[in-house]
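Biologist: I'm new to this one and I'd like to know what backs up the terms people use for it. Can we go through them together?

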Amino acid sequence: MKITLDNFFNEKESILASEKGLKEIYEKLEEATKKISNVVNHAALVGILGKADKENIQGEEVMKLDELSNDWLIESLKSSKYCAGVASEEMETFIAFDQSDNDEAQYIVLFDPLDGSSNIDTCSAIGTIFSIYKRISKGKLELADFLQKGNDILSAGYVIYGSSTILVYSMGNGSHAFTLDQKENEYLLSHEHIQTPAYTPILSINFGYYNIYEKSVIDFCHWCLDADKSSKHPFTQRYIGSMVADIHRNLLKGGIFIYPATTESPNGKLRLQYECNPLSFIQKQAGGKYTNGSHDILEIEPTELHQRVPIALGSSDLVDKYISFK
Ligand code: AHM
C-alpha cells in the first residue's frame, strides 16, 4: 500500500493534534522541494547550471540553483498563514512575513536551500536541509526566535536530490524517509523508523586537510585505518563533499562523518543552525550520536545566525570512540 506523507502524518504523528500548523508548513516544504527536484533533474537542459555571479554572506560563491531554491522555499513558506518567517544560509538576516503579527503564525523555518552546491554542475547528490521551531517572541519576530538551540527544534529534515529524491524528516518520534514518486509527484513512505547501526567501518572526512587537523582527529583517523581485522578495520573511506549525501548514506548504513576544526577554520565550515542542528536531530532520532568534539551539538546556544561549528556524527560507538581521542 502506498503511504503518502499526509496519510503518515494522520496516522503516526500525534504531535500534530497540538501543533496544527506543522502540517501546512510541510505541505509548503513539499511544494518547494518538488519544484527543486524537478529542476535539479533537468538542470543542464534549462540553463540553470553555473554560478549566479555573486557571493553569499559567508563570502562563498552562489550558484544559480542555490538562488532559485532559496526563492522557491521563501515563496512557498510565505503562503502559509502559520509561518511567521524564515532564515536561510543564503541570506544575511531573517525575513519576517506579513502574517507574522497574526496569532496563528507560530512557526519559523530555517533552511539551507541547496547544500553541497559545489556538486551541482557534476550531477552529484545535493539537498535541502530544514528545521522548524516555535517562535518565542510575541508580535514582531526577533533574532532570538532564530537563535534557539537544536533541542528546541519541533521538526527537522532534509530532501536529498540523488538517484532518487528522498525526504527524511522527524517530529521527535523517529526519523522516516519518503521517496518521491516522480509519476504521481507524491512523497511515498520508503523507510519507517530508520535505525543507524551502532558500528559500521565507514569514515567520511576530507583528507585534503590532513595537515591542518588537530592531533586528536588525525589519531582517530589512524585508528580507523589500522589493519586490526577483529573490529572490521581498516575502514572504508567515503566522502562526497555534499553533507546531505554523506549523512544520508551513514544514516542508513552507519559510519562516521567528520567536519572538524582546522588551524585555518577553528570552528570548522558547517553551520550550526542550517546544517548541524537539523542533521543531528535526525541522527538522534535514528539512534546515532553527534558532537562538536566536546559538547552535545543540540545543546549549543547560538549567538549568531551563521555560526559555524566542528561536527562528528553517525554511528553511536564511533562517535564515542572519536570523543575518547579528544
Ligand atoms: P556549501 O554550503 O557551499 O554547499 O558547503 C557545504 C558543504 C557540505 O555539504 C560538505 O559537507 C562540505 O561543504 C564539504 O566541504 P569541503 O569541500 O571543504 O570538504
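Biologist: What makes the pair between Tyr259 and the ligand a polar contact?

Modeller: Keep in mind that this is a predicted model. In it, a polar side-chain atom of Tyr259 sits 2.6 Å from an oxygen atom of the ligand. The cut-off for a pair of N or O atoms is 3.5 Å, so this pair counts as a polar contact.

Biologist: Which backbone atoms pair with oxygen atoms of the ligand?

Modeller: For Gly116, a polar backbone atom is 2.8 Å from an oxygen atom of the ligand. For Ser117, a backbone N or O atom is 3.0 Å from one. As for cover, the protein hides 87% of the 470 Å² of accessible area that the ligand has on its own.

Biologist: Which residues around the ligand come nearest?

Modeller: There are 16 residues around the ligand, and Gly116, Tyr209, Tyr239, Met243 and Tyr259 come nearest. By class, the shell has six nonpolar, five polar and five charged residues.

Biologist: Why do you say the ligand lies between domain 1 and domain 2?

Modeller: Because domain 1 (5-191) and domain 2 (202-324) both give residues to the shell around the ligand.

Biologist: And what about the largest nonpolar core: which residues touch the most other members?

Modeller: That core has 42 residues, and Phe146, Tyr158, Val168, Met243, Phe257, Ile311 and Leu313 touch the most other members. Helix 6 (residues 272-285) gives the most to this core, six residues. Domain 1 (5-191) and domain 2 (202-324) each supply at least three.

Technical notes. Residues are numbered from 1 along each chain as its sequence is written. This is a predicted model: local features need pLDDT of at least 70, side-chain atom pairs count only at pLDDT 80 or more; totals for chains, interfaces and linings use all residues. Side-chain values use heavy atoms; hydrogens and water are left out. A residue is near a molecule or strand if one of its heavy atoms lies within 4 Å of it. A polar contact is a pair of N or O atoms within 3.5 Å; within protein, one must be able to donate a hydrogen and the other to accept it, and residues adjacent in sequence count only if both atoms are side-chain atoms. Accessible areas come from the Shrake-Rupley method with a 1.4 Å probe; for residues, only the protein chains shown count as cover. Ala, Val, Leu, Ile, Met, Phe, Trp, Tyr, Cys and Pro count as nonpolar, Asp, Glu, Lys and Arg as charged, and the others, Gly among them, as polar. Domain bounds come from an automatic or database domain assignment. A nonpolar core is a set of buried Ala, Val, Leu, Ile, Met, Phe, Trp, Tyr and Cys residues joined through side-chain atoms within 4.5 Å. Buried means under 20% relative accessible area, exposed over 50%, partly exposed in between (1.4 Å probe, protein chains only). Helices (H or I, at least four residues) and strands (E, at least two) are DSSP runs, numbered from the N terminus.
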